[in-house]
Number of protein chains: 2
Amino acid sequence: MKYLHTMVRVSDLEVSLDFYSNKLGLVELRRHENETGRYTLVFLAAPGDESAQVELTWNWDPEDYGTARNFGHLAYQVDDIYAACERLRDGGVVINRPPRDGRMAFVRSPDLIAIELLQKGEALPPREPWASMPNTGEW
Amino acid sequence: MKYLHTMVRVSDLEVSLDFYSNKLGLVELRRHENETGRYTLVFLAAPGDESAQVELTWNWDPEDYGTARNFGHLAYQVDDIYAACERLRDGGVVINRPPRDGRMAFVRSPDLIAIELLQKGEALPPREPWASMPNTGEW
């Protein structure tokens, strides 16, 4: 038995790929378009960790997907949590829970999927502007 | 960068552990109880695939978590999809999408998290009662 992927639905594939690839740092592994079913599937993973994937399902016909609390978040370990948050923030992503402790941060995808970032190994020393940045919104 | 886990909230830890462990076949790796925060975290994974985990968050104070469509499902590869579905069904779990094709099935957790099961390798030959079993509900 083996974990394969977590699937999330996205309302705008280009906006979501910009978030998951350019800003979060995942890489696209494969893509499947289905004209009849009118959907596109895109599988991504962290570089070097291709066996644990996230699947984006983009239904071509718009739908309000909503949010709920039974699903919590996706968590990724990162090599440098400050660099990861800087890239996200520079891309216009709100850092909902800044890494004040040099260890943990939360952001949300364009479709409000919470993403947890955890520093690999020991927490980094506190550093501005993160150390004094308050929380924003919920995640 | 590395995938760590997907977190889902559960409203009844014992019922959820019965589902994820006894019926789905994941194993508990570690547990963290927090008296002050009034929550318990339980990390599970498929046997032999401990690096890709699911985190159950059980808040001791009840809350209606609801469901939404932005989160899709968790997917696991299984060695024998008929055996996996039989164990789930014998445990009282509805097989929402039976493995009619010997390849794919869907069930839902007690908190309505959709779980996809995918046969490892080639699809198995069609077999009753699965081959003629209709879909039930949604997932």
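What follows walks through a predicted model of two chains, A and B, from overall confidence down to a single loop residue.

Confidence comes first. For the complex, the predictor reports an ipTM of 0.92 along with a pTM of 0.93. Chain A on its own averages a pLDDT of 96, and 100% of its residues reach 70 or more.

Next, how the two copies relate. A turn of 180° with a shift of 0.0 Å along the axis lays chain B on chain A, and the RMSD of that fit is 0.0 Å. This is the relation of a two-fold axis. On the chain B side, A68(B) has the C-alpha nearest that axis, at 2.6 Å from it.

The interface itself brings 36 residues of chain B into contact with 36 residues of chain A. Two strands of chain B, β1 (2-9) and β5 (71-78), each put at least two residues into the side that touches chain A. Sorted by class, that side of chain B comes out at 19 nonpolar, ten polar and seven charged residues. The copies meet through the same surface, because 100% of the interface residues of chain B are also interface residues in chain A. Strand pairing crosses the interface too: β1 of chain A, residues 2-9, pairs with β5(B) in the antiparallel sense, over six bridges. Within this pairing, M7(A) has H73(B) as its bridge partner in β5(B).

Inside chain A, there is more antiparallel pairing to follow. Strand β2 (residues 27-34) of chain A pairs with strand β3 (residues 39-45) of chain A over seven bridges, in the antiparallel sense. Here R30(A) sits opposite F43(A) of β3(A). The hairpin formed by β2(A) and β3(A) has four residues between the strands, and R38(A) in that hairpin adopts a positive phi near 55°. On from there, β3(A) is also joined by seven bridges to strand β4 (residues 53-59) of chain A, again with the two running antiparallel. L44(A), for its part, finds its bridge partner in β4(A) at V54(A).

The domain assignment splits chain A into domain 1 (5-59) and domain 2 (73-119). Their C-alpha centres are 18 Å apart. The contact between them draws on 15 residues from domain 1 of chain A and twelve residues from domain 2 of chain A. On the domain 1 side, β1 and α1 (13-23) of chain A each bring at least two residues to the face that touches domain 2. Of the contributors to that face, α1(A) gives the most, with five residues. In terms of class, this side of domain 1 holds seven nonpolar, five polar and three charged residues.

Finally, a closer look at one residue, V94(A). V94(A) belongs to the loop that runs between α2 (81-90) and β6 (104-108) of chain A. V94(A) counts as partly exposed because 13 other C-beta atoms lie within 10 Å, whereas 20 or more would be needed to call a residue buried. Setting aside neighbours within four places in sequence, the contacts of V94(A) are V107(A), T136(A) and G137(A). F106(A) is twelve residues away from V94(A) in sequence, with a C-alpha to C-alpha separation of 9.1 Å in space.

Terms used: Residues are numbered from 1 along each chain as its sequence is written. Chains are lettered from A and ligands numbered from 1 in the order in which they are written. This is a predicted model: local features need pLDDT of at least 70, side-chain atom pairs count only at pLDDT 80 or more; totals for chains, interfaces and linings use all residues. Two residues are in contact if their C-beta atoms, placed from the backbone, lie within 7 Å. Ala, Val, Leu, Ile, Met, Phe, Trp, Tyr, Cys and Pro count as nonpolar, Asp, Glu, Lys and Arg as charged, and the others, Gly among them, as polar. Two strands pair if DSSP finds at least two bridges between them. pLDDT is the predictor's confidence in each residue, from 0 to 100. A residue is buried if 20 or more other C-beta atoms lie within 10 Å of its own, exposed if 12 or fewer, and partly exposed in between; C-beta atoms are placed from the backbone. Copies are superposed by least squares on the C-alpha atoms of residues with pLDDT of at least 70 in both. Domain bounds come from an automatic or database domain assignment.
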